[in-house]
Amino acid sequence: MRENFPEVIDFMQKRRSSSAKQMSGPGPSDDEIATMIGIACRVPDHGKLSPWRFIRYAPNYCRRLGEICLARALERDPSLDAQTREFEATRFTRVPVVIAIASRPQVHPKIPQWEQVLSAGAAGMNLLIAANALGFDAQWITEWVAYDEALAPALGLREGEKLAGFVCIGTRTLPKTERDRPLVADIFSVMEG
């Protein structure tokens, strides 16, 4: 007999990311983070390759990472105004917890790298859902720092890895608002014949 979990359906129908700019503390405990990571790993992973890993930036390192990002931003554009400089310097300290998702596809005779990259995306989504299910707010962001190869070592990336994004976790300071969603009829089709 099929089980029915209406509370899960209700949760998923209402799940919404919150802007990292509108979060503060409290953030999750170490045990809650471990639970989130355990849930994040429960995704399709053909061949059990674990083509992803997670990097949590400790609070002290978040401050240092902000300094590194600001220095790199100034290398890219020395004319940054004071507001942008402050934004870059505080990039990783706006929320209590920042966890990066590293995509690390491997060469495999049967499992295409694209499939492995999709698995990393699924792991990131599971991390968002786990944070929300534990009562926290979360947002998956990338922005320029995720794609800047000069920052890769400071972000903890290893050779062959790419950053899928950062999941920022905290508690929202403003009410959530809904955003427009696509109509099911516009994004769903049935092939017959």
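The following questions and answers concern a predicted model of one protein chain.

Student: How many helices and how many strands does the chain have?
Tutor: Read from the N terminus on, the elements of this chain follow the order α-β-α-β-α-α-β-α-β-β-α. The secondary structure therefore comes to a total, under the run lengths used here of at least four residues for a helix and at least two for a strand, of 6 helices and 5 strands.

Student: What share of the contacts in the chain with a separation of 6 or more comes from residues 24 or more positions apart?
Tutor: The chain has 193 residues, of which 35% count as buried, and its C-alpha atoms fill a box of roughly 60 × 45 × 40 Å along the principal axes. Among contacts with a separation of 6 or more, the share from residues 24 or more positions apart is 80%.

Student: Glu67 and Arg64 meet in a salt bridge, but in which helix do both lie?
Tutor: In general, side chains of opposite charge can pair when their charged atoms come close. For Glu67 and Arg64 the N to O distance is 3.3 Å, and Glu67 is partly exposed at 46% relative accessibility, as is Arg64 at 45%. The two residues are 3 positions apart, about one turn of the helix, and both lie in α3 (residues 59-76).

Student: Is Asp148, which forms a salt bridge with Arg72, buried or partly exposed?
Tutor: The side chains of Asp148 and Arg72 meet with an N to O distance of 3.0 Å, and this pair links distant parts of the chain, with Asp148 in the loop between β4 (137-141) and β5 (162-172) and Arg72 in helix α3, 76 residues apart. Arg72 is partly exposed at 22% relative accessible area. Because the relative accessibility of Asp148 is 6%, and the cut-off for burial is under 20%, Asp148 counts as buried.

Student: Which residue forms a salt bridge with Asp137?
Tutor: The closest N and O atoms of this pair are 2.8 Å apart, and the pair links strand β4, where Asp137 lies, to strand β5, 35 residues apart. Asp137 is buried at 3% relative accessibility, whereas its partner is partly exposed at 36%. That partner is Arg172.

Student: Why does Val190 count as exposed?
Tutor: Val190 is found in the segment after α6 (184-187), and together with Val184, Ile187 and Phe188 it makes a nonpolar surface patch of about 460 Å². A residue counts as exposed over 50% relative accessible area, and Val190 is exposed because its value is 57%.

Key. Residues are numbered from 1 along each chain as its sequence is written. This is a predicted model: local features need pLDDT of at least 70, side-chain atom pairs count only at pLDDT 80 or more; totals for chains, interfaces and linings use all residues. Side-chain values use heavy atoms; hydrogens and water are left out. Buried means under 20% relative accessible area, exposed over 50%, partly exposed in between (1.4 Å probe, protein chains only). Contact means heavy atoms within 4.5 Å. Patches are made of residues with over 30% relative accessible area and no salt bridge: like charges are joined within 9 Å, nonpolar side chains (Val, Leu, Ile, Met, Phe, Trp, Tyr) within 5 Å. Accessible areas come from the Shrake-Rupley method with a 1.4 Å probe; for residues, only the protein chains shown count as cover. A salt bridge is a side-chain nitrogen of Lys or Arg within 4 Å of a carboxyl oxygen of Asp or Glu.
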